[in-house]
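These are my notebook entries on one chain. I record below what I looked up, entry by entry.

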Amino acid sequence: MLRKDLLTAVALITASLSASLGYDVGDDITLCWHTDMTTMVRTREDCGTAYTSFTFNWPEILYSSTEYNVGFKAYIPNPELSTYDVNDVPYHIPHANIHSCVRSVGFCTPFVSNTPGLSTHSPTVFGNVSETTKIGEFSSAVELEPLQYTIIAHIRWYDTSGNKHDMARAVFKNFQEPPDPPPPVFDCPKGHVYAVEDNEAFCSPCPKGTFEEGGKLCTSCNSSTYNDKDGQNSCLACPANAQYLLASGQKTIPFIPTKGATKRSQCACVEGFYTPSGKESGSECLPCPEGAKCTGNGEDVRIIPLPIPGYFKATDDAEVMGICSSEESCPGGDTAVCGEGFEGHMCAECADGYFMSGGLCEVCEEANKGAAVLSFVLFLMISAAIYFAANVDRSSGKKRSTIAIGAASNNVLLFLQLFSLFVNIQVRWPETLRRFMVMMSFVNVDLSVLSLDCMFDVTFTTSWRYKATMPFFFTTAYILLALARYCYGYCRWGDSMGPAELNAFRQKVFSTSLNAMFVAWSLLHVSTSTVILSAFACVDQPDGSRTMQGYAVLSCDSPEYRQEILPVAVFSTISIAIGYPVLLAIGMCVTGGTHLATQGVSTPFKKKYYFWEVIDLVRKLLIASCLAFGNALTPGKQIALVTILMITALIAQVYCRPFKHINVNTLVSHLYSTLIIILVLAGMVFNEEYLEQTLGERDFMTTAAEYFIWFFVGLCFIFAISVVGYSFYTFYWSVRTNKVMQHEVEVPAELLKNTLTIVQRVDAEELIEHCKEAIDDEDTQRAFNQSICLLFALGVTSKEFLGKPEGMHFVSAIEVDGGSYAKDVHKLLTKFGQKGKVQHANALSSMAMVSIRNFGSRLSNAARLSTAGGRLSLASRVRTDPSWTGIPVDEGSEDDTSPVP
């Protein structure tokens, strides 16, 4: 059995090889191929009884530069023969022609490309198969150079399943130079050649489309020339970028250059050029307009410019394309074609039953209509959430974890804001990723998420003005809330409150609304700035006009833009995009680093980085500018600028670690890193050039990049939930145990006690010298300085020390020349000392770091404090009080205030 199968396989292989070899040398053999149009996989198939053959009676000798009308036919009995091909051409045989391959090229098939000098294709013809004989007959002109050729008759047809079938039969022919004519007995004039017919010599004029060459032959004009007169010895040049072309009948190779044009109108523009409307074909060939493609359709030699994706052609005669808001709205390809859900001029509007979301027109579902109804309720819920978050009491150490909760939540919101705004970068985001970006735009309080268009007639201008002034809506809501609270409190308790209590109540009411207003403005700053700045990023259209980005139908020179958009944009830029960061910076400088809204609010930043919120706002403004003015940049440059800003932010974050909490610093670093990874992958994989190489199909790189992004975004969410969850947990246990839970203080009390005992018994100068000698790491040496200074600051502000008379006496006696530490401590004591020792001690304990901020980023001035605390050479008044013996006094010079190196 095995031997029989083996013999059968060998026989099939031998038959296949012999068929191919016989075909290649011109034997009477038809070869067939089958192409699955779904997978585009081509395989050899058995022709069965189908065949193609030549009906042309080949001369014994074939001459070059001579046109032969070669006939051939096809017999296709297949009952599944389709009447239409994939391009809806209404013929049984949509493609039939002659392929001529130079023998030195090798095996000639119907799939060898048309390459001058190697392989030529005759113009495509098409026709039907007879219903009775199942035969279709065709003919095609063949004119070749003097070489050896494999000439094949090629027939292509489609079955009813849409699959493609190709048949070919080959002959082997040799073309040679024509013989020289007999020597002329007289000279002919230019444009004529000597001819003999019926033993009668005469001068024959070269016909149109040819020219006399060397007095021997009439040679056809090449494809870039023509001749519209008889008896010429040269051809006339076609207009620049024009040739004599014939339609090939297929879109892949729409034109075939041909010789022998007999009139100027046969010259047609080559690909990349077109003849303006109203002019004769080929009379003038202009470069293809911006935003258009000039490739031809294979059916007509006159090229009509058609828009590429992202551009709009208003009428058939239009030769200037318009730049649309996106490729999704204008897919291009034909006149006035809009993407799904878009309609109108420049495809700028959504059709009925659709609403605008993330630059796309989405179908209005019942859920969308419900969201529109709940839009006002959602606004109130967001306002209430911001109000509550802004006014959580974080003043005590036991509630310190709420600072971490607020900082982590705020940075996650910023991450989602930037992530959702990345959809404005004109790269081809994967559909699932793009939809997630659009869905996340709710964190930018984007009205389009609410699908208001499904319920109300909301114009672009109205929607834009709402988005550009959104912070003022929150401000109005909080002002009304403050007035309502004050009126209610005054009406209920006004009679029982004195002026001081009433003033305190009024200050508390309006301060809480002020807190909420500042938080809302900070959260909305990047999204609102992007919307505001987009008004100034007008798009320069090819026709010389300027239209608004995101709404290509609105001219930047129109009265509507100047009256309804521009004034709001200028006002919002001054008050929101630029004004808010400037106001915040000025307020922090005036108050010495304290936030303008201070009632019950504790900043998440370290004291020396109190200005970090302003830096964040400036960075967000720069990113918003890059995203808003994206039309002035290529997507690559846009991605590069935003990436540079994000890398700068990441470097600053890692180096400074501005947040008080370690977990928050780590989380922010991860968030920034993820945004950078998304931008880099978008620039490398989702860009237009890479997708053109893959023909728009998803390959391994695009799939892997999308999964990579999902992976890192998921990690960010998991990390953020962990940070917030841990902070909630520590807050719960802090309240329950009445202890500070979220901290990094791990020193046992016994260790600190032993350390203080040892230090009291060691000479200070000897210990300092020992530190210099034993520690060679300068960072550790600086850590030693910081530790001593911090220990001194915490000790001098501790409840136990300040609760004793000598502690108060000691601190008030320190007057260091230029020693801001002593002044800060003295100022704090003065401020809080009126309430009693316990109260001011608690205040000083919670604000101990305030007194250290003047020591510099590396606490270089801390050495002075260490010297002042150790030598106490500045406490002259302490020496005069013999009752104070808490710290031994150095008897050195009173003016000895030189700093420690």
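Contact here means heavy atoms within 4.5 Å. With that cut-off I looked at how far along the sequence the contacts reach: of those between residues at least 6 apart in sequence, 60% join residues at least 24 apart. I note at the outset that the model is a predicted one.

**Entry 1. The whole chain**

I counted the secondary structure and found 24 helices and 33 strands. The chain has 901 residues, and buried ones make up 41% of them. For the accessible surface I obtained about 47,700 Å², with 58% of this area belonging to carbon and sulfur atoms.

**Entry 2. Nonpolar cores**

Which residues have the most contacts inside the largest nonpolar core? I listed Leu 418, Phe 419, Phe 422, Trp 429, Val 642, Met 646 and Phe 686, in a core of 57 residues. I then asked which elements give two or more residues to this core, and found helices H4 (401-421), H5 (431-439), H11 (612-628), H12 (635-656), H13 (662-684) and H15 (700-737). A second core, separate from this one, has 29 residues, among them Phe 54, Tyr 68, Val 129 and Val 142.

I took Trp 429 for a closer look. Setting aside residues up to four places away in sequence, Trp 429 touches Phe 422, Val 423, Arg 434, Met 437, Ile 678, Ala 682 and Phe 686.

**Entry 3. Two positions in helix H8**

I looked up Ala 520, which lies in helix H8 (residues 499-534). Its relative accessible area is 0%, so I entered Ala 520 as buried. Beyond residues up to four places away in sequence, Ala 520 touches Ile 386, Phe 474 and Tyr 478. I checked the first of these partners further: Ile 386 is 134 residues from Ala 520 along the chain, and their C-alpha atoms are separated by 6.6 Å.

Ser 534 also has its place in helix H8. Is Ser 534 buried or exposed? I recorded a relative accessible area of 11%, and Ser 534 is therefore buried, the limit for that class being under 20%. Its contacts, leaving aside neighbours within four places in sequence, are Trp 464, Gln 549 and Ala 628.

**Entry 4. The hairpin of E32 and E33**

I followed strand E32 (residues 546-548) and strand E33 (residues 551-555), which pair in the antiparallel sense over 2 bridges. Met 548 stands opposite Tyr 551 of E33. The hairpin has 2 residues between the strands, and in it I noted that Gly 550 takes a positive phi near 90°.

**Entry 5. Salt bridges**

How many salt bridges does the count give? I arrived at 11.

Glu 564 forms a salt bridge with Arg 465, with 3.8 Å between the closest N and O atoms. Glu 564 lies in helix H9 (residues 559-577) and Arg 465 in helix H6 (residues 460-468), so this pair ties together parts that are 99 residues apart in sequence. Glu 564 counts as partly exposed at 30% relative accessibility, and Arg 465 is partly exposed at 36%.

I next examined Asp 540 and Arg 546, whose side chains meet in a salt bridge at 3.9 Å, N to O. Asp 540 is exposed, with a relative accessible area of 55%, whereas Arg 546 is partly exposed at 32%. I also noted that Asp 540 and Arg 546 are linked with Asp 557 and Arg 562 in a network of salt bridges.

The side chains of Asp 616 and Arg 619 meet in a salt bridge at 2.5 Å, N to O. Both residues lie in helix H11, 3 residues apart, about one turn of the helix. I found Asp 616 buried at 11% relative accessibility and Arg 619 buried at 8%.

**Entry 6. A nonpolar surface patch**

I turned to the surface and found a nonpolar patch of about 530 Å², made by Val 745, Val 747, Leu 751, Leu 752, Leu 756 and Leu 791. Which helix gives the most to this patch? I entered helix H16 (residues 749-760), with 3 residues. Leu 791 lies in helix H18 (residues 778-796). With 41% relative accessibility, Leu 791 counts as partly exposed.

Terms used: Residues numbered from 1 in each chain as written. Predicted model: local features only at pLDDT ≥ 70, side-chain atom pairs only at ≥ 80, totals over all residues. Heavy atoms only, no water. Patch = residues over 30% accessible without salt bridge, like charges linked within 9 Å, V, L, I, M, F, W, Y side chains within 5 Å. Areas by Shrake-Rupley, 256 points an atom, 1.4 Å probe, with all protein chains shown as cover. Salt bridge = Lys/Arg side-chain N within 4 Å of Asp/Glu carboxyl O. Helix = DSSP H or I, 4+ residues; strand = E, 2+ residues; numbered from the N terminus. Buried < 20%, exposed > 50% of the residue type's maximum accessible area, 1.4 Å probe, protein only. Core = buried A, V, L, I, M, F, W, Y, C linked by side-chain atoms within 4.5 Å. Pairing = 2+ DSSP bridges.
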